[in-house]
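Please open the model in your viewer and keep the selection panel at hand for the stops that follow.

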Amino acid sequence: MEPTMPEPRTARLDHLDHRELSDLLDGRWADQRREIRDVCLGESLRKIEGQPLDDYRERVLDQLHELVDRGLVARAFPTHLGGEDNHGGNIAGFEEFAVADPSMQIKAGVQWGLFGSAVLHLGTAEHHDRLLPDIMSLRVPGAFAMTEIGHGSDVASLGTTATYDPAAQEFVLHTPFRAAWKEFLGNAAVHGAAAVVFAQLVTAGVNHGVHAFYVPIRQLAADGTVGDLLPGVQAEDDGLKGGLNGIDNGRLAFDHVRVPRRNLLNRYGDVAPDGTYSSPIASPGRRFFTMLGTLVQGRVSLSGAATVAAKMALATAVRYGSERRQFAGADDNSETVLLDYQRHQRRLLPLVARTYAAQFMHNQLLERFHDVFAGIHDTDEDRQDVETLAAASKPLSTWLALEVTQECREACGGAGYMTENRLTGLRADMDVYVTFEGDNNVLLQLVGKRLLTDYGRAMATMDVAGAVRYVADRAADMTLHRTPLRRAAQSMQDWGSAARSVNEVRDAGVQRELLEDRVEAMIAEIAGDLRTVSGAPAAEAAAMFNSHQDALIAAARAHGELLQWEAFTEALNGIADPATRKVMTWLRDLFGLGLIEEHLDWYLIHGRLSAQRAAAVTAYINRLLPRLRDHALDLVDAFGYSPAHIGAPIGTGVEAERQSEARQYQRRLRASGGEPILEKHVRARSA
């Protein structure tokens, strides 16, 4: 009798509360996210792969006009201008535009999230009423002209100048050398009619640092047609890029271009008609960082958009891996499903865990961002916290998106390389996310400096007795961890029982302690070394800091990962269904132990783990994988992206149909008795 062939595992378990998990992931603004996801199903908004450059750019511009017509772009703007003052909901929805096409998302971000937001946050009521209506309606497409060829992330050193002429009451914008050309500007090459230009404000012979100016750059006809460049404005097209080719990126330069005094966006710095400069913030450094801090939403939104891309890629790869069969297993008549292989689980499931962690941290960041910009919690400290959180979240999320899209592409084999399955396109479009709105390494250095500052303040506020105790405790800690004593104690505790080792490392308190300890120890070591050059000549101090730059960035990344673990752990408290909470705890453990496993060398060298307990980390991860494999489809389905949203044929069930057809054919062939005999079986019989 023909044996019954096992059907493909679907991993759909009724006791996992799919809806609760989706609500948890989508967060406070779930309705806005889901609205935009469904809007992105419209064919007019979907990316057409392989479109010629000029056609692609015009299509994306048309898509932005459609977004305006559908009333989807004004959430963050003032209510008296037709907006909603809903900053968190605006970004939550904006991030989901990546479902249709990242080019549309980023071009929308340039128009309303950078150009429009600069006017909103750096301008005053007069600017809002005069300029924002045409920006919101897209009658004036605009560019955000900050980055220069010669100074990427170093905004304070921009070369463009804006010199005030009191006789004409105008600012004269000028690009004094080639490296001061504004570069990589969306809307600059073709579509932009105006730009917010960042330049060094000079008045009465004094440079007051970087300020923002509203500058028309092209003629604008009454019917809204954008025409030729205005006198003194030069533009160049960046041309074909590695991704995001629906955006007309370009360069801008200014040859003594004049704009009226009122075009200075003067919320944080103003110039009187006679040229007198004034600012509510006396310190030039603090003023500069306050101005840039108001534009943090770009980093916040990129963090979320990158996580959207990671979720879509994983949904495709996990669905495909749950259907695709390759190589015979225990049963010669049945090939093994890819996701049943441990290696395939190792490739994808930790990335699922990391993506959940990234989303949970992003949800917290978005809440904090909204509270600041809605005026609920808007102190200097609150703003600094949001800037630091965004500087930690954006690198982790954007690097994750690149890793996920590449690994998912490989995990889907040749099918993943086909353009129609979107993985290569997502990978190309996400590539630049790691460098724009702040290079990831530069952002993590900012986080590291904040950690050093907080560490220094904590030390500075200690009294003498407290400082003595701290040094003594730290010395005892170093003695404890940097000798075999600690490792021996762990080995004795775990001796004779691998289960004891596993129980220790899977404990949430132990995971938190290990993750926190690594961050604190790294920062303390860097701070201790830097303290040795306190008061030294500037060159010596700079050299010492530079020699610790890599360690500082590593510590900042470890801090961001700790924040993700804490956000994941906090999210567990919001799960009511016990079975769902259990599965999610496994997923959190996979995330936390994955971080520890990645840095086992550090934990072993610094004596934080014994060899036996370190081995238990990997052992428990390998035990978690098959447990989570049974829930893999539920975990990616909870992301909220249907096959129609993702648009990848291999994620629609077609592979399961192909596999079913092949297996039915083989069944019929065996049942007919006409199946050829394998040579190896003939040889076995004759032997």
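Is the crossing of H17 and H20 left-handed or right-handed? The crossing of these two helices is left-handed (the near helix is turned anticlockwise from the far one by less than a right angle). This is a predicted model, in which local features need pLDDT of at least 70 and side-chain atom pairs count only at pLDDT 80 or more, while totals for chains, interfaces and linings use all residues. Residues are numbered from 1 along each chain as its sequence is written, and side-chain values use heavy atoms, without hydrogens and water.

Select helix H17 (residues 508-531) together with helix H20 (residues 578-598), which pack at an angle of about 35 degrees with their axes 10 Å apart (axes are lines fitted to C-alpha atoms over the stretch in contact, and angles run from 0 to 180 degrees between N-to-C directions; helices are DSSP runs of H or I with at least four residues, strands runs of E with at least two). The contact (heavy atoms within 4.5 Å) includes Leu514 and Leu515 of H17 and Leu593 and Ile596 of H20.

Next, select strand S2 (residues 161-165), where Ala162 and Tyr164 point to one face and are buried (under 20% relative accessible area, 1.4 Å probe, protein chains only), while Thr161, Thr163 and Asp165 point to the other and are not buried. Adding strand S3 (residues 170-174) shows an antiparallel pairing with S2 over five bridges (strands pair if DSSP finds at least two bridges between them), in which Thr161 stands opposite His174. Within this hairpin, Gln169 takes a positive phi near 50 degrees.

Finally, add strand S5 (residues 194-203), which pairs with S2 in the parallel sense over three bridges, Val202 being the bridge partner of Thr163.

Conventions: Buried < 20%, exposed > 50% of the residue type's maximum accessible area, 1.4 Å probe, protein only.
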